[in-house]
Amino acid sequence: MGDFNLALLIVAIIVCVLVFIFNVYLLVNYQHPDDVNQAYFPKFVVVLGLSIAAISILMLPADVANRQACRNSLYNGACRLTLPMKDLWLAVYIIDAVLVFFVIPFAMFYYEGDLDKSVMKRVVSASAWVGATAVVCALILGILYGLVGYVDFTVMHLSSTTTSFPSSWDFSSSQPCIGNGATQCSAHSVNASVAETIWTMRATFPEYVVALATIVGSVLFTIFGGIGIACLPLGLIFSFVRRPRAVITRSQYIMEATELGKKAKELKKTADALHQEERNGNKGRKWRKNVKAVEKELLQLEDDVKALEEMYPQGEKAETAWALTVLGYLAKLVLGVMGLIVSVAWVAHIIIYLLISPPLSPFLNEVFIRLDDVWGLLGTAAFAFFCFYLLIAVVAGATMLGLKLVFITIHPMKWGATLMNSFLFNVGLILLCSISVIQFCATAFAYYSQATAAQEIFGHTLQSLRGIKYLYQYNVFQIGFVVLAGLTFIYYAAFGWRRKKISARFQTSS
């Protein structure tokens, strides 16, 4: 057992270092040129948040491996586990909650603050907003924990009488307990309706914080994840369907570029008018609506410019650029088809294993177990991939809804053009939903991750919390996830082949 434990500890340390290096690489390559060599605190928060999210996803496979270190023991206490997983789970998710509700909002308020103000004034302003949020969150948590911070476990009450130690025991299927005709000690023979009772105990405060954060994340995960798991692969596939089929002529390029130039001038004029309204203090609901509409039009304009450059490559390497464009769309098709298989597998697994009682089949649980039999880390890698896929689907769903609904602010991630506020928003969304993804995966893959610390926290305690357990008892989140995924599939099948244009009308109040 010692060699296995040492190997697991070494792998855990190496993975954490690799995750940190990879997130620094993402930050350097995705950041906007305006943020180079500045905004160091938001960058630190971004790297820390992405690392916590990635490590939390990888902790469930590590939890499974941690339990396998004791698989030859008669009971878990017979060997010393490598990692104190329950303490690590609680620590990671407390850090997660602090980042989501306090640190990331502070970084966003500070980054988006008026540049004309001094650093101290921006810090004070951001601290005031976060302080007000902290007071509200503390009051809500304290009141809820004091009133309903209990865990109600449904248990079977068994009992038995006592007797002097006899020289021989006379037990049988008809007489399983001490005393003539007594059956109250046998779970098999006792009347379940009579023996079933509720065992109530106070939940620990860290577990309750994790539970409430999971509920908030589950609502967002159900909406964004349900939509994203369909639009992620289908968006790639229909991007290939709508691809440019050939290089356009120079006259066509000039005509399209002229139209885009006119649109850009209109956007600049509208943006200047909105900026003037901001200076005059007219930042009402109409102003915010128009700002979001301009942002969506600007994103559409950028996409149109990119599409025009693809259809009419210029320069000495124009033929090479066109060949790379064709290969890029072919890669989108391949990735879209692979993603569609994963999405269908996810939806099918939820229906087969979670929504139908009793489950028709362990499905993906059995797949992971068989992959582990082939090679020790193969099943673990496949499990981690399915969990990460859900997180990517959440970001894709949030982006799609942001493009469709005016009241949702979009923060797209673009290579070499992502501002820190967009980075922080997406990191906060990923962190908040990562808790729910872990809980969702721990439930969906309960057969594969049985007897782990994650099962104890997310399987037993969370699903027995007073007032919250009914959401899990009636599979509210799973049903919502499947319904939204189905509706998104239908939407893309009916309208996904069309080229969608945003038609926004701006109403300045000047």
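**Exercise 1. In which hand of crossing does α3 pass α4?**

Before you start, note that this is a predicted model: local features need pLDDT of at least 70, side-chain atom pairs count only at pLDDT 80 or more, and totals for chains, interfaces and linings use all residues. Residues are numbered from 1 along each chain as its sequence is written, and side-chain values use heavy atoms, with hydrogens and water left out.

Solution.
- Find the two elements: helix α3 covers residues 85–111, and helix α4 covers residues 119–148. Helices (H or I, at least four residues) and strands (E, at least two) are DSSP runs, numbered from the N terminus.
- View the pair: α3 passes α4 in a right-handed crossing. A crossing is right-handed if the near helix is turned clockwise from the far one by less than a right angle, and left-handed if anticlockwise.
- Add the geometry: the axes of α3 and α4 come within 9 Å and cross at roughly 150°. Axes are lines fitted to C-alpha atoms, for helices over the stretch in contact, and angles run from 0 to 180 degrees between N-to-C directions.
- Classify the angle: α3 and α4 are therefore roughly antiparallel to each other. Angles under 35 degrees count as roughly parallel, over 145 as roughly antiparallel, 65 to 115 as roughly perpendicular and the rest as oblique.
- Look at the residues: on the α3 side they include Phe101, Phe102, Pro105 and Phe106, and on the α4 side they include Val119, Arg122, Trp129 and Cys137. Contact means heavy atoms within 4.5 Å.
- Sort them by class: this contact has 14 nonpolar, two polar and one charged residues. Here Ala, Val, Leu, Ile, Met, Phe, Trp, Tyr, Cys and Pro count as nonpolar, Asp, Glu, Lys and Arg as charged, and the others, Gly among them, as polar.

**Exercise 2. Work out how helix α6 sits against α4 and against α12.**

Solution.
- Start with α4: this helix and α6 (residues 205–241) pack at an angle of about 115°, with their axes 11 Å apart. That makes α4 roughly perpendicular to α6.
- Note the hand: the crossing of α4 past α6 is right-handed.
- List the partners: Leu141, Leu144, Tyr145 and Val148 of α4 meet Phe205, Tyr208, Val209 and Leu212 of α6. By class, there are eight nonpolar, no polar and no charged residues in this contact.
- Move on to α12 (residues 420–444): its axis and that of α6 come within 7 Å, crossing at roughly 95°. Again, α6 is roughly perpendicular to its partner, here α12.
- Inspect this second contact: α6 supplies residues including Val210, Gly217 and Phe224, while α12 supplies residues including Leu429, Ser436 and Phe440. The classes are 12 nonpolar, five polar and no charged residues.

**Exercise 3. Are serine 56 and isoleucine 350 buried or exposed?**

Solution.
- Place serine 56 in helix α2 (residues 40–68). Serine 56 is buried, with a relative accessible area of 0%. Buried means under 20% relative accessible area, exposed over 50%, partly exposed in between (1.4 Å probe, protein chains only).
- See what surrounds serine 56: not counting residues up to four places away in sequence, it touches Trp89, Val92, Tyr93, Ser434 and Ile438.
- Place isoleucine 350 in helix α9 (residues 318–355). Isoleucine 350 is also buried, at a relative accessible area of 0%.
- Find the contacts of isoleucine 350: leaving aside neighbours within four places in sequence, they are Leu355, Phe440, Gln478, Phe481 and Val482. Phe440 is also one of the α12 residues that meet α6.
- Check a long-range pair: isoleucine 350 and alanine 444 are 94 residues apart along the chain, yet their C-alpha atoms are separated by 6.8 Å.

**Exercise 4. Track down the unusual backbone angles.**

Solution.
- Go to the loop between α9 and α10 (364–374), where proline 358 is found. A cis peptide bond joins serine 357 and proline 358, with omega about -5°.
- Stay in that loop for phenylalanine 363. This residue has a positive phi of about 50° although it is not a glycine, and at 28% relative accessibility it counts as partly exposed.
- Turn to asparagine 475, in the loop between α14 (469–473) and α15 (476–495). Asparagine 475 likewise has a positive phi of about 50° without being a glycine.

**Exercise 5. How many helices and strands are there in the protein chain?**

Solution.
- Count the elements: the chain has 15 helices and two strands.
- Look at burial: buried residues make up 40% of its 510 residues.
- Consider contacts with a separation of 6 or more: residues 24 or more positions apart account for 80% of them.
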